[in-house]
Amino acid sequence: MASLCPLFAFFLLVCISSPSISQKVTLSLYYETLCPYCADFIVNHLVKVFDGGLTSIVDLRMIPWGNAFIQSDGTFVCQHGPNECFLNAIEACAITIYPDVERHFSFIYCMESLALQNRLNEWVNCFETARFGKEPIDCYTSGYGNVLEQKFAAETAQLNPPHRFVPWVLVNNQPIQEDFKNFVSYVCNAYQGTQVPETCKSLPTESNSFQKEIPTSPVCSANKTGNFISSSRAINKSPVINP
C-alpha cells in the first residue's frame, strides 16, 4: 500500500498544476474560408490564443461553414463560390483528422494567410507547412468532407441567437457579437481556474469590454439575398501531395 503513495501524490500534483478540461474556456469560431474578414481575424487576432499561455485555458473550436446553406437538392451554396465550399470541406477534414489544435490551426493559418494575399493557387503548400499527409484530400474526395460540412451546417443553424455575420465568436457558448477582436478579454474574464496565464495577468483593468465603446469591424453578413457570388476562378482540387 505504501508503494502507491508516491503514485497518488504524482496524480494529485498533475491535477493541481494543470487546468482541468472543465475549467477551460470554450472559444468557438464560426467562419468561412474565403471571407476576408474571417481570414484577417484568424491570421492577425485569433493567433494570439497561442501567446502568453492562453492556450492552456482555452478549448478552441473552429467551425468552417459560415454563411453557406444547403439547397433542397442537397447541394451546398457558399457565399464566395464553389472554391469556398471546397476549402471549407478541406479545413473540416483537417480539423477532424488532426484534432490537436496546434496542428490543424497551423494548416488553417497558412490557408487563410494565402487567402489574404490572393495566393490561393498555392494552397497545396500548406500541407508541407503543417507537415500534413494527403489525408485531408482523401477525406474530401471520398465524400466525407461533405458529411462533416453537413454536421457543421447543422451546428451553425442551431446557434441561439442565430449568427448575423462571420466571423462569429462564442465564449462559453455566449456570442460576443461585434466585439470579436477583443476575445482575449472575454476568455480571461470567463476563466474560473487558478492557473491564470500571463496574457490574462497583463490585461489592463479597463479592458473589460462592457465598459467601453465597441469599434465596428467589417464582417461578411449572413444575408442570403444579395451578397453571394456564383463563380470564381477554380483552384486545383486534385493536387499531388508528396508523402
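1. A definition to start with: the expected span of a helix is 1.5 Å times one less than its number of residues. With that in hand, have a look at α4 in this predicted model. The helix has 16 residues, and from its first C-alpha to its last it reaches 22 Å, close to the 22 Å expected at 1.5 Å a residue. Just past α4 comes Asn118, where phi is positive, near 55°.

2. Staying with α4, it is worth seeing how many of its residues are covered. His104, Phe105, Phe107, Ile108, Cys110, Met111, Glu112, Ser113 and Leu114 are its buried residues. Their cover includes β1 (25-31), α2 (36-44), β2, α3 and α5 (125-129). Note that Glu112 and His104 are among the buried residues, alongside Phe105 and Leu114.

3. α4 also holds an aromatic pair. Phe105 and Tyr109 sit four residues apart in this helix (residues 101-116), about one turn. An α-helix has 3.6 residues a turn, so residues three or four places apart point the same way. The ring centres of Phe105 and Tyr109 are 6.1 Å apart with planes at 40°, so this pair is tilted. Are the two partners buried or exposed? Phe105 is buried, at 4% relative accessibility, whereas Tyr109 is partly exposed, with a relative accessible area of 31%.

4. Now for the aromatic rings of the model as a whole: the count is 13 aromatic pairs. One that I would point you to is Trp65 with Phe76: the ring centres are 5.2 Å apart and the planes stand at 90°, so the pair is edge-to-face. Trp65 belongs to the loop between β2 (58-64) and β3 (69-70), while Phe76 is in strand β4 (residues 76-77), so the contact ties together parts that are 11 residues apart in sequence. Both Trp65 and Phe76 are buried.

5. Another aromatic feature is a cluster. Phe86, Tyr98, Phe107, Trp123, Phe127, Phe132 and Tyr140 make up one aromatic cluster. Of these, Phe107 brings us back to α4, where it is one of the buried residues.

6. Finally, the second largest pocket. What lies nearest its centre? Of the 13 lining residues, the answer is Ile95, Thr96, Pro99, His104 and Phe152. The elements giving two or more residues to this lining are β2, α3 (82-97), α4 and α7 (144-157). The space in this pocket is about 220 Å³. By residue class, its lining divides into eight nonpolar, two polar and three charged. His104 is thus worth a second look: it is among the residues nearest the pocket centre, and it is one of the buried residues of α4.

Note on methods
Residues are numbered from 1 along each chain as its sequence is written. This is a predicted model: local features need pLDDT of at least 70, side-chain atom pairs count only at pLDDT 80 or more; totals for chains, interfaces and linings use all residues. Side-chain values use heavy atoms; hydrogens and water are left out. Rings of Phe, Tyr and Trp (its six-membered ring) pair if their centres lie within 6.5 Å; planes under 30 degrees apart count as stacked, over 60 as edge-to-face and the rest as tilted. Buried means under 20% relative accessible area, exposed over 50%, partly exposed in between (1.4 Å probe, protein chains only). On a 1 Å grid over the protein atoms alone, a cavity is a set of points where a 1.4 Å probe fits but cannot get out, and a pocket is an open set with protein on both sides within 12 Å along at least five of seven lines; lining residues have an atom within 4 Å of a point. Grid points are joined across faces, edges and corners, and a volume is the space filled by probe spheres set on the points. Ala, Val, Leu, Ile, Met, Phe, Trp, Tyr, Cys and Pro count as nonpolar, Asp, Glu, Lys and Arg as charged, and the others, Gly among them, as polar. Contact means heavy atoms within 4.5 Å.
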